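Colleague: Could you take me through one part of this model in detail? I'd like a close look at how the protein meets the DNA.

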Number of protein chains: 2
Amino acid sequence: MMARRPTIRSVAEEAGVSPTTVSLVLNNNASAIPEATKERVVQAVRKLGYRPNPSARALSSSQTHTIGFITDVIASSGYAGRSIAGAQELSWANDKVLLIVNTGGDAAITRAAVDMLCDRQVDGVIYAAMSMCGVDLPEALLQIPTILVNAYDRQSRFPAILADEELGGYTATRTLIDAGHRRIGMLYGVPEVDAGRERLIGHRRALDEAGIAFDPALVRADCWFPEGGYRSTKALMTLDEPPTALFCVNDWVAMGCYEAVKELGLSIPGDLAIIGYDNHELAGLLRPGLTTMQLPHYDLGRKAVECLLAPAGSVAPNAVIRLPCPLIRRQSV
Amino acid sequence: MMARRPTIRSVAEEAGVSPTTVSLVLNNNASAIPEATKERVVQAVRKLGYRPNPSARALSSSQTHTIGFITDVIASSGYAGRSIAGAQELSWANDKVLLIVNTGGDAAITRAAVDMLCDRQVDGVIYAAMSMCGVDLPEALLQIPTILVNAYDRQSRFPAILADEELGGYTATRTLIDAGHRRIGMLYGVPEVDAGRERLIGHRRALDEAGIAFDPALVRADCWFPEGGYRSTKALMTLDEPPTALFCVNDWVAMGCYEAVKELGLSIPGDLAIIGYDNHELAGLLRPGLTTMQLPHYDLGRKAVECLLAPAGSVAPNAVIRLPCPLIRRQSV
DNA sequence: GTGAAAGCGCTAACAC
DNA sequence: GTGTTAGCGCTTTCAC
């Protein structure tokens, strides 16, 4: 036989007041209630170990203190986990909790997930994409405060929190320039990936700003995995005037560079400085450690909750908030 | 002005029955209700687009259709994400949803998380650890069906779902033996890590079974990162009788092997066959592709939900369920 | 300042 | 077979 949990009534009796008073005190609506009464209530709560029943609270107030978190892909690299961690930490600090749904990118599941979150009356919804992209989300989300993470709504109906990829590209290349390089190549990703395109734009801005002419011969597309980085590095380094520094669209590509450089008997950063992007788990374990730009997934998640918690209307529906990618300095530049 | 959602009453009126009947039909307790009535109810539900209010349902039935999922570390490699994906998929198929809390390994947060999950009356709790280990969990969990993933309770109060690391070690080494190797080394992790120890035990069992004497000279401890794999491989390969195959305690270590082997001018698998563990994101991108054992995180998460959903009492509190690590064949053996 | 009372939307015991 | 009724534990309006 299990001891029943104390209810607000039992607390009220213990404190010699009515349930209303207890409720008022517990919800900080007690401006009109004298300290002495408050204190009695608080004591009773403590004595009984009372904890409000969230279901009951939700039913009568329609507030669940729950935030829905939808991810398209959760299972690959730890990025989703980092956004979740960021979102959860701030939620938790505000007595809210995350209801997580992973859709696998399936539109039908996304729709069902949104319906479910509406049913459950979550206080807000965060939609987080694995890799930055435009998305079309179900209409039903318009009913709930919603914010996108690492994605933007194609119809600009919801605010978006994004990594500032352009600035990241700029910073990466700028770092190379500041280290004295003038012939700087970029191993640029596939055109379908938005992030890669923006990093390239930042790259060119840094070049422009430093008065370095952009040399198309030093940019290689089609790099996304180590293999591509390997091949492109070999190609670039056998040019008549090879680059002295390389900005890789991601750390995988940089790993391919490393291999090529080693095979060529060259040294990093002596013969070729390398900067990556993503701060992959292995970046710090490479020899030499890979200097790279970190994706601010944790911050994105945190910021999303911050926006959701902000007073209604303080974030415009079409707002786009860009968070910087910190530079992680290691030994490859 | 927002349209209110239909309630069970409105459905009842629409169908010309009482709310009870609707409830009965919707909860499959309608054995006594004739098809015709059922049909009318179903029609009314469809017409109104009725969806039950989970908070109300939870309040009166004390069933939230929610499973609590506690992780110690969610933010690093994608493992946690895979367990979550596995758990969520099966939950979802059973109309349940995951409430996720990440504790960062902090005991106080864990305690608070458990209390919160009790408050919210989750139907069950899954506690998932990042790397396999013994844990001490709050008493309060005894109130709720609880199951551990990739961890075991030091007091054996809860069932555990684990990867069968011993069998994995056995299979890895067995794979090497089957490929014709007799001098097989192991780059074994740090003793503090349970998983590494068990993989070593499996390794020795495979050796024994094949009638190969265990040679301590071929086992190197202190490998966990690429650096360790690199150093140990160099050491082993300069032995008078170097191994022809190596079982690495994880894929990071195997990556270090790769580097050493290349520097020595040897080839994989010609001069040295290598098998790793974890099926790291990069394993398939290495040249040659790394043969490795996959950690069944997805399955662990899924199995946990399966146990939670099973009729009470069908999983003994001290049960330990071990799931095999599949062998991922690539080109390094 | 505090309390009584009416729900929130649903389930389930019991009555018919 | 179906409906009536009494909660589930809390919030909130309104009266005192």
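Modeller: Let's go straight to the bases: a backbone N or O atom of B:Ala56 sits 3.5 Å from a base nitrogen of DNA strand C. Keep in mind that this is a predicted model. Chain A reaches a base too, with a backbone N or O atom of A:Ser60 lying 3.4 Å from a base oxygen of DNA strand C. For the phosphates, look at B:Arg57, which has a polar side-chain atom 3.5 Å from a phosphate oxygen of DNA strand C.

Now zoom out to the whole surface around that strand. There are 22 residues around DNA strand C, and the ones that come nearest are A:Ser18, A:Thr20, B:Ile8, B:Tyr50 and B:Ser60. On the DNA side, sugar and phosphate make up 72% of the strand C atoms that come within 4 Å of the protein. As for the kinds of residue in the surface near DNA strand C, you get 11 polar, 9 nonpolar and 2 charged.

Which helices do they come from? Helix 2 (19–26) and helix 4 (54–61) of chain A, along with helix 2 (19–26) and helix 4 (54–61) of chain B, each put at least two residues into the surface near DNA strand C. Helix 4 of chain B gives the most, with 3 residues.

One last thing, about the two protein chains. A turn of 180 degrees with a shift of 0.0 Å along the axis lays chain A on chain B with an RMSD of 0.1 Å, and that is how a two-fold axis relates copies. Both copies use the same surface, with 100% of the contact residues of chain A recurring in chain B.

Note on methods
Residues are numbered from 1 along each chain as its sequence is written. Chains are lettered from A and ligands numbered from 1 in the order in which they are written. This is a predicted model: local features need pLDDT of at least 70, side-chain atom pairs count only at pLDDT 80 or more; totals for chains, interfaces and linings use all residues. Side-chain values use heavy atoms; hydrogens and water are left out. A residue is near a molecule or strand if one of its heavy atoms lies within 4 Å of it. A polar contact is a pair of N or O atoms within 3.5 Å; within protein, one must be able to donate a hydrogen and the other to accept it, and residues adjacent in sequence count only if both atoms are side-chain atoms. Helices (H or I, at least four residues) and strands (E, at least two) are DSSP runs, numbered from the N terminus. Ala, Val, Leu, Ile, Met, Phe, Trp, Tyr, Cys and Pro count as nonpolar, Asp, Glu, Lys and Arg as charged, and the others, Gly among them, as polar. Copies are superposed by least squares on the C-alpha atoms of residues with pLDDT of at least 70 in both. Contact means heavy atoms within 4.5 Å.
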